[in-house]
Amino acid sequence: MIKKLLSPLLLLFIFIFSGLGTYAQGDLMIMPKRLVFDGSERSQEINLANTGSDTAVYAISFVNYKMTEKGNFEQVEEQEDGQRFAEDFLRYFPRRVSLAPNEAQTIRVQLTRTGNLEQGEYRSHMYFRAVEEQTALGAEETEESEGISINIKTVFGISIPIIIREGESTTQIDLNELSLNTEGENPKLSLVINRSGNMSVYGNLTATHIAPDGTETEVGMVKGVSVYTPNSKRYFSFELRNAAEVDLTGGVLKVSYSEDKGDTLATREIEL
């Protein structure tokens, strides 16, 4: 466990320019925004930083979610068919942190009982819940009526997925049901990401317009799109915010789904 008091500028530099991805809510910043054990490491670290002006306390625990076909998350207590929780194979410390303003701290996460892992993927979410009298992430309102006082306090939390992968991936990805809606301020592209195999996928969607003369223009991109096991598909839509300079009534629209490190998982084209 490492606890450091850093300048606000240094905090921003570390978390924004580290290249590992930062997740933030309120005054709590977390890096990385997802943790994957793929056999190369038995221990990893999560860095927390309080960028607010008040001391904040966070309780750390595991929660489990399932992803819907539209990409929403629903908390579950029991594993569903094809789903495996990772929490029984992880240990972490500390389990509670108190961060002064501009203070950062490291949470160490270790694999355990790896001899009991079966081929495939395990996933749980590490949950950071603001507790006590913190105000950095909370909002407090008081209403009074005929001598009755009602105190309403909202406590926020943030979670990141922790994934354990055992063995070789058999996952395959396909894109289909592409449709383009040109109504509205920005055109919107809808598609279905189909997943098969034993592991989840996480990557970036890129839309490229190819004009009849072969000119290629990137017209839209969205990062961090996942399809978690055991789901076989995810419906997804995103706006093409850079399409103003191209003619979407002609040519080809190519959509690519790629991993962060650059490997292309799937592509699909539609004639316009």
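How many bridges join strand S16 to strand S17, and which way do the two strands run? There are 8 bridges between S16 (residues 172-181) and S17 (residues 188-196), and the strands run antiparallel. The model is predicted: local features need pLDDT of at least 70, side-chain atom pairs count only at pLDDT 80 or more, and totals for chains, interfaces and linings use all residues. Residues are numbered from 1 along each chain as its sequence is written, and side-chain values use heavy atoms, with hydrogens and water left out.

**Overall make-up**

- The chain has 1 helix and 22 strands. Both are DSSP runs, numbered from the N terminus: helices are H or I with at least four residues, strands are E with at least two.
- The chain holds 272 residues, and 44% of them count as buried. Buried means under 20% relative accessible area, exposed means over 50%, and partly exposed lies in between (1.4 Å probe, protein chains only).
- About 14,700 Å² of the chain is exposed, with carbon and sulfur atoms supplying 44% of that area. Accessible areas come from the Shrake-Rupley method with a 1.4 Å probe; for residues, only the protein chains shown count as cover.
- Take the contacts between residues at least 6 apart in sequence: 66% of them join residues at least 24 apart. A contact means heavy atoms within 4.5 Å.

**Sheet and hairpin**

- An open sheet is formed by 5 strands in the order S4-S15-S12-S6-S10, with mixed pairing. Two strands pair if DSSP finds at least two bridges between them.
- S4 and S10 are the edge strands, each pairing on one side only.
- From one strand to the next, the twist averages 20°. Axes are lines fitted to C-alpha atoms, for helices over the stretch in contact, and angles run from 0 to 180 degrees between N-to-C directions.
- Inside this sheet order, S6 (residues 56-63) and S12 are joined by 7 bridges and run antiparallel. Ala 59 stands opposite Arg 129 in S12.
- In the pairing of S16 with S17, Gln 172 faces Ser 196 of S17. The hairpin has 6 residues between its strands, and Gly 184 there takes a positive phi near 95°.

**Backbone exceptions**

- Most residues other than glycine have a negative phi, and most peptide bonds are trans. The residues below depart from one or the other pattern.
- Met 31 to Pro 32 is a cis peptide bond, with omega near -5°. Pro 32 sits in the loop between S3 (28-31) and S4 (35-37).
- Phe 93 and Pro 94 are also joined by a cis peptide bond, with omega about -5°. Pro 94 belongs to the loop between S9 (90-93) and S10 (96-99).
- Asn 102 has a positive phi, near 65°. Its place is the loop between S10 and S11 (103-111).
- Arg 113 has a positive phi, near 55°. Arg 113 lies in the loop between S11 and S12 (120-131), and is partly exposed at 43% relative accessible area.

**A buried glutamine in a loop**

- Gln 83 lies in the loop between S8 (73-75) and S9. Gln 83 counts as buried because its relative accessibility is 6%.
- The Gln 83 side chain reaches the backbone oxygen of Tyr 65 at 2.9 Å.
- Leaving out residues up to four places away in sequence, Gln 83 touches Tyr 65, Lys 66, Val 76, Glu 78, Arg 123 and Pro 230.

Terms used
A polar contact is a pair of N or O atoms within 3.5 Å; within protein, one must be able to donate a hydrogen and the other to accept it, and residues adjacent in sequence count only if both atoms are side-chain atoms.
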